[in-house]
Amino acid sequence: MSKKQPKGEYIETDTGNKVSRRSQIIGTTNIILGGKTVIQAEVIIRGDLLRTYPASNPSEKQGNTVAVAIGRYCFFSRGCELRPPGKLYKGQFSHYPLKIADHVFVGPSSIIEAALIGSHVNIGSNVVVGKFAIIKDYVRILDGSVVPPNMVIPSFSVVAGRPARVVGEIAEGEVDGMDLREVYRAVGNG
């Protein structure tokens, strides 16, 4: 008989996602992971916060059931929380999908309620990204920043402050350092 492997910190999925056994992923059927994503301990992903439509036609089916869509090579640090943004629409409170592209790093204890986060985005620790914010590609948000709701952050920006504002731009040489393949390879049960 073969010896049973000891349980490690991470569960690895067929698509190469590494999910900590101590993370909280709620509403898993409404969350899409693109592959090769790392979810550390104490991360909370709220897939249970779905869009609700006012029933205008009883025969109409419920629409898109994706609450959180995450691309490839993303890294969610210890204690961060991802939750879809919500607002009052036609007299009913409804949540809208949270879309995260590829190579997105979210630092420890950050809270994300954005509508869209582009590729190659680095979000520092203790950052709050407000409801329906849109973060374009190649953006760095510095530690402790508070991105206000509905803010659109242009590509190649460095953002800081409470409330956050653009304080600089990413240099051409910094773009190469925003690829998270090596960070993904370094994480494991070994």
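**Close-up views of a predicted model**

**Figure 1. Lys90 in a loop between two strands.** The place of Lys90 is in the loop between strand E10 (86-89) and strand E11. The structure shown in this and the following figures is a predicted model. Lys90 is not a glycine, yet its phi is positive, near 50°. Is Lys90 buried or exposed? With a relative accessibility of 66%, Lys90 counts as exposed, because this value is over 50%.

**Figure 2. His95 in strand E11 and its surroundings.** Strand E11 comprises residues 92-95, and His95 belongs to it. His95 counts as buried because its relative accessibility, 15%, is under 20%. Which backbone oxygen does the side chain of His95 reach? The partner is the backbone oxygen of Pro84, at 3.4 Å. When neighbours within four places in sequence are left aside, His95 is in contact with Leu49, Leu50 and Arg51, and also with Pro84, Pro85 and Gly86.

**Figure 3. The rings of Tyr96 and Phe132, with Lys87.** Among the aromatic pairs, of which a search of the whole structure finds four, is the stacked pair of Phe75 and Phe105, with ring centres 5.4 Å apart and planes at 10°. That pair joins distant parts of the chain, since Phe75 lies in strand E8 (residues 75-76) and Phe105 in strand E13 (residues 104-106), 30 residues apart. At 8% relative accessibility Phe75 is buried, whereas Phe105, at 22%, is partly exposed. The pair in this view, Tyr96 and Phe132, is edge-to-face: the distance is 5.6 Å centre to centre, with 65° between the planes. Tyr96 and Phe132 also link distant parts of the chain, being 36 residues apart. Tyr96 is in the loop between E11 and strand E12 (98-100), and Phe132 is in the loop between strand E17 (128-129) and strand E18 (134-135). Both residues count as buried, Tyr96 with a relative accessible area of 13% and Phe132 at 18%. Over which rings does the charged end of Lys87 sit? It sits over the ring of Tyr96, 5.6 Å from the centre, and over the ring of Phe132, 5.3 Å from the centre.

**Figure 4. The largest nonpolar core and a second core.** In soluble globular proteins, nonpolar side chains tend to be buried together. The largest nonpolar core here contains 32 residues. Which of them touch the most other members? They are Phe76, Ile100, Ile112, Ile117, Ile123, Ile135 and Ile141. Two or more residues of this core come from each of strand E7 (68-72), E12, E13, strand E16 (121-123) and strand E19 (139-141). Ile112 may be examined individually: beyond its neighbours within four places in sequence, Ile112 is in contact with Glu81, Leu82, Arg83, Leu98, Val106, Ile117, Ile123 and Val129. A second core, separate from the largest, has seven residues, including Tyr10, Leu180, Tyr184 and Val187.

**Figure 5. Glu12 in strand E1.** Glu12 lies in strand E1, which spans residues 10-12. Its relative accessible area is 52%, so Glu12 is exposed. Which residues does Glu12 contact, apart from its neighbours within four places in sequence? The contacts are with Asn17, Lys18 and Tyr184. Glu12 and Thr37 are 25 residues apart along the chain, and a distance of 9.8 Å separates their C-alpha atoms.

**Figure 6. Backbone geometry at Phe156 and at Pro163.** The place of Phe156 is in the loop between strand E21 (152-153) and E22. Although Phe156 is not a glycine, its phi is positive, about 60°. Phe156 is partly exposed, because its relative accessibility of 38% lies between the limits of 20% and 50%. Pro163 is found in the loop between strand E22 (157-160) and strand E23 (165-169). What kind of peptide bond joins Arg162 and Pro163? The bond is cis, with omega about 5°.

**Figure 7. The protein as a whole.** The setting for the close-up views is a protein with one helix and 23 strands. Of its 190 residues, 42% count as buried. Among contacts with a separation of 6 or more, 39% are between residues 24 or more positions apart. The accessible surface comes to about 10,300 Å², and 52% of this surface belongs to carbon and sulfur atoms.

Conventions:
Residues are numbered from 1 along each chain as its sequence is written. This is a predicted model: local features need pLDDT of at least 70, side-chain atom pairs count only at pLDDT 80 or more; totals for chains, interfaces and linings use all residues. Side-chain values use heavy atoms; hydrogens and water are left out. Helices (H or I, at least four residues) and strands (E, at least two) are DSSP runs, numbered from the N terminus. Buried means under 20% relative accessible area, exposed over 50%, partly exposed in between (1.4 Å probe, protein chains only). A polar contact is a pair of N or O atoms within 3.5 Å; within protein, one must be able to donate a hydrogen and the other to accept it, and residues adjacent in sequence count only if both atoms are side-chain atoms. Contact means heavy atoms within 4.5 Å. Rings of Phe, Tyr and Trp (its six-membered ring) pair if their centres lie within 6.5 Å; planes under 30 degrees apart count as stacked, over 60 as edge-to-face and the rest as tilted. A charge sits over a ring if NZ of Lys or CZ of Arg is within 6 Å of the ring centre and within 35 degrees of the ring normal. A nonpolar core is a set of buried Ala, Val, Leu, Ile, Met, Phe, Trp, Tyr and Cys residues joined through side-chain atoms within 4.5 Å. Accessible areas come from the Shrake-Rupley method with a 1.4 Å probe; for residues, only the protein chains shown count as cover.
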